[in-house]
Amino acid sequence: MPNRSAEDSEPEVRWMEGIARGDEEAFRKLVDRYERQILNLAYRYCGDAQESRDLAQEIFLKVFLNAGRWKPRARFSTWLFRVAVNHCLNYTRRRAREPVVMAKPDPALSEAAGQSCTAIPTVSGGSPQESAERQRAARVRQAVLSLPPRQRLALILHRYHGFSYRKIADHMECSLGAVESLLVRAMDRLRASLGDLVRGEQ
Amino acid sequence: MGCRRIQKRLQSFLDGEIDSVRKAKVERHLARCDRCRQVLTEIENVGRLLETYQEIGPPPQGLAGPVLARVRAGSVRSFATGSALPLRVWLLSPFGWATAGLFLAGILAGRLIATSVQQGPDRDAQSAYAAEGLNLEIFSELPPNSLEQRYWEALAAGQGGNG
């Protein structure tokens, strides 16, 4: 039995037992502890605040509904992040199957805007320096969102959640070598897409 | 190690996720390679830029309330079991294996039948059989002196079937 006694001391084990019996208070405590992490994993993965709330809710819904089947063989957080990772990947697959409705660009509007559709929108208000910073942040965000799903997830788990390669491998159910490879490829892409910012910022 | 291999190690080097032997190799290489030092700097800069992708806060009422509301609404069954069983569940269950076995058996049987039809007498041989009258009518002739032949002969002679 792997570390059963140590795992039993986690409050999450008690909470999950309570949730399996329908204890809503236990569920509130569990969500309260993890909602910021799960919400921001979803947010940095999909890039949309409202959509990330929906994703996070669905992830916690899965936790609630599967509490009775959960066994404390590994840390609760490992299981939770596995659920979250799989849910994010499924979200991308679901989105890929949805038909994309694209509005026909209006030539007059494009000319009036004087910029291509892919340009980062300028943000009004604030000093020029603040505006530049916002534009830079928008480019970084777009670069992260352009990464392939698994590279994006590995990067998010590493950079924003501070997980070790071993933990990322556990969460993503892959090898250590695969994690390293995902991160190296993600960084290569980011260096390429943020080229001028990367070389200019010393 | 060459530059390409070194550059693949730079991320784990920065993250402290590299063993001491490889770390020493990377350090030796960096000491004499301007290009790889530049790449290292760029990776560090990407790391700093990533900090601008800031987090968001949970909604004021939290996430638990809306989730519990959905549970109470009872429209959540598909999340518990999924509308279709995942492939892993199918592979692990005896039912899944039995279904797969039946499916394969069906395919094999179909293939065998198709093969035997294809490997049957060719067209010339079939014509020869037809010329010799070798067709299904041979089964209409009863073996000589058989019980059934005597029955039919008796019937034809008007002696009835109970003689």
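What percentage of the 163 residues of chain B count as buried? In this predicted model, the share of buried residues in chain B is 22%. The accessible surface of chain B amounts to about 12100 Å², and carbon and sulfur atoms contribute 58% of that area. The secondary structure of chain B consists of 9 helices and 0 strands, so that the pattern read along its sequence is α-α-α-α-α-α-α-α-α. Among the contacts in chain B with a separation of 6 or more, 37% join residues that lie 24 or more positions apart in the sequence.

Attention now turns to a pair of helices in chain A. Two packed helices are described by the angle between their axes and by the distance between those axes. For helix 8 (residues 149-159) of chain A and helix 9 (residues 165-172) of chain A, the axes come within 10 Å and cross at roughly 135 degrees. Because angles between 115 and 145 degrees fall outside the roughly perpendicular and roughly antiparallel ranges, helix 8 of chain A and helix 9 of chain A are oblique to each other. The crossing in which helix 8 of chain A passes helix 9 of chain A is right-handed.

On the side of helix 8 of chain A, the contact is made by Arg150(A), Leu153(A), Ala154(A), Leu157(A) and His158(A), and these residues meet Tyr165(A), Ile168(A), His171(A) and Met172(A) in helix 9 of chain A. When the residues of this contact are sorted by character, 6 are nonpolar, 2 are polar and 1 is charged.

How values were computed. Residues are numbered from 1 along each chain as its sequence is written. Chains are lettered from A and ligands numbered from 1 in the order in which they are written. This is a predicted model: local features need pLDDT of at least 70, side-chain atom pairs count only at pLDDT 80 or more; totals for chains, interfaces and linings use all residues. Side-chain values use heavy atoms; hydrogens and water are left out. Axes are lines fitted to C-alpha atoms, for helices over the stretch in contact, and angles run from 0 to 180 degrees between N-to-C directions. Helices (H or I, at least four residues) and strands (E, at least two) are DSSP runs, numbered from the N terminus. Angles under 35 degrees count as roughly parallel, over 145 as roughly antiparallel, 65 to 115 as roughly perpendicular and the rest as oblique. A crossing is left-handed if the near helix is turned anticlockwise from the far one by less than a right angle, and right-handed if clockwise. Contact means heavy atoms within 4.5 Å. Ala, Val, Leu, Ile, Met, Phe, Trp, Tyr, Cys and Pro count as nonpolar, Asp, Glu, Lys and Arg as charged, and the others, Gly among them, as polar. Buried means under 20% relative accessible area, exposed over 50%, partly exposed in between (1.4 Å probe, protein chains only). Accessible areas come from the Shrake-Rupley method with a 1.4 Å probe; for residues, only the protein chains shown count as cover.
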